[in-house]
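Work through the exercises below with the sequence and the coordinates at hand. Each task is followed by a solution in steps.

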Amino acid sequence: MAAASPDSGDLILVEPARPGSQVAVVTINRPEALNALTRSMMISLAAAFRRLGADDGVAVVVLAGRGRSFCSGVDLTAAEEVFKGDVTDTTANPVAQMELCPKPIIGAVAGFAVTAGFEIALACDLLVAGRSAKFLDTHAKFGIFPSWGLSQKLSRLIGPNRAREVSLTCMPVTAEMGEKWGLVNHIVDDSQVLSKAIEVAEAIARNNHNLVVLYKSVINDGLQLDMEHARALEKERAVNYYNGMTKEQFTNMQKFIQGRSSKAPSKL
């Protein structure tokens with residue numbers, strides 16, 4: 001991937017985690033406004049994920065916010081421009097592009113993830129949260145109807161009763177609550193959020209890239225189905241995967257497994 005790619009007046013930054021890394025770091029870079037999103041920033045963020053999803057040099061994406069907030073939501077000074085736009089236009093919808101991105105996305109959340117910022121966090125595959133992190137849904141407070149999936153995703157992650165309370169009372173979800181409820185994967189000091197997210201991303205990037213993409217897809221697609229149909233989906237894709245492998249690929253896989261086994265005997 002390119003060394004760095006500025007978007008929307010340097011408000012959305014894309015750069016490798018380190019030189020030569022296959023981990024891309026996307027940064028929402030408007031700290032003076034707590035990373036509130038304008039429409040042009042939303043378009044740029046969506047475009048960044050579309051590009052990274054198609055970039056063969058990128059295996060995993062980390063999403064972070066500069067300063068003391070991950071993302072404080074939509075810039076309400078431009079609310080009409082944002083909310084009266086074409087909600088079916090996925091090119092301007094960062095959540096839609098994150099959901100379409102085949103690469104794993106790790107959210108590095110320090111500070112506030114508010115409303116649209118909460119929805120962006122929910123579009124990540126894993127979340128690393130700083131101790132200061134707070135997830136807050138203020139749709140009901142400000143009379144904004146959710147359109148990026150929060151009303152449906154949150155209940156499936158933390159349970160319907162908790163989700164109703166979070167959304168209808170606008171109560172903040174702390175990092176500790178999020179970890180307890182299954183929303184957050186890791187809690188670290190705020191200063192370590194990005195480095196921990198990159199550490200997790202690099203652990204993923206060391207694995208078979210093709211299988212990681214296929215595995216993410218079958219997990220996410222299966223979540224849309226009941227267990228019976230999800231198991232059938234897994235079986236169907238497994239059959240297609242193995243049927244599509246050449247004899248050489250099977251041989252290489254066996255050599256790789258044998259090589260790993262000789263270095264580290266199986267504990268099974």
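**Exercise 1: a strand and its two faces**

Determine whether the residues on each face of β6 are buried or exposed.

Step 1. On one side of β6 lie Ile-105, Gly-107 and Val-109, on the other Ile-106 and Ala-108, and all are buried, so both faces are covered. Buried means under 20% relative accessible area, exposed over 50%, and partly exposed in between, with a 1.4 Å probe and protein chains only. The model is predicted: local features need pLDDT of at least 70, side-chain atom pairs count only at pLDDT 80 or more, and totals for chains, interfaces and linings use all residues. Residues are numbered from 1 along each chain as its sequence is written, and side-chain values use heavy atoms, with hydrogens and water left out.

Step 2. In a regular strand, side chains alternate between the two faces of the sheet.

Step 3. Since five of the five residues of β6 (residues 105-109) are buried, the strand is largely enclosed by the rest of the structure. Helices (H or I, at least four residues) and strands (E, at least two) are DSSP runs, numbered from the N terminus.

**Exercise 2: the neighbours of β6**

Identify the strands that pair with β6, and give one bridge for each.

Step 1. Strand β4 (residues 60-65) runs parallel to β6 and is joined to it by four bridges. Two strands pair if DSSP finds at least two bridges between them. Leu-63 has Gly-107 of β6 as its bridge partner.

Step 2. Strand β8 (residues 126-130) also pairs with β6 in the parallel sense, over four bridges. Here Ile-106 is partnered by Leu-126 of β8.

**Exercise 3: an open sheet**

Which strands stand at the edges of the open sheet of four strands?

Step 1. The order is β5-β7-β9-β10, and the pairing is mixed.

Step 2. β5 (69-71) and β10 (173-174) each have a single partner strand, so one side of each is left without a neighbour in the sheet; these two are the edges.

Step 3. Strand β7 (residues 112-114) runs parallel to strand β9 (residues 134-136), with three bridges between them. One of these strands' bridge pairs is Phe-112 with Lys-134 of β9.

**Exercise 4: two helix pairs**

Describe how α10 packs on α11, and how α6 crosses α7.

Step 1. Helix α10 (residues 209-222) and helix α11 (residues 227-243) pack at about 155°, with axes 9 Å apart. Axes are lines fitted to C-alpha atoms, for helices over the stretch in contact, and angles run from 0 to 180 degrees between N-to-C directions. This makes α10 roughly antiparallel to α11. Angles under 35 degrees count as roughly parallel, over 145 as roughly antiparallel, 65 to 115 as roughly perpendicular and the rest as oblique.

Step 2. The contact (heavy atoms within 4.5 Å) includes Leu-211, Leu-214 and Val-218 of α10 and Leu-233, Arg-237 and Tyr-241 of α11.

Step 3. The axes of helix α6 (residues 150-158) and helix α7 (residues 160-169) come within 7 Å and cross at roughly 135°. These two helices are therefore oblique to each other.

Step 4. Leu-150, Leu-154, Ser-155 and Ile-158 of α6 meet Pro-160, Arg-162, Ala-163, Val-166 and Ser-167 of α7.
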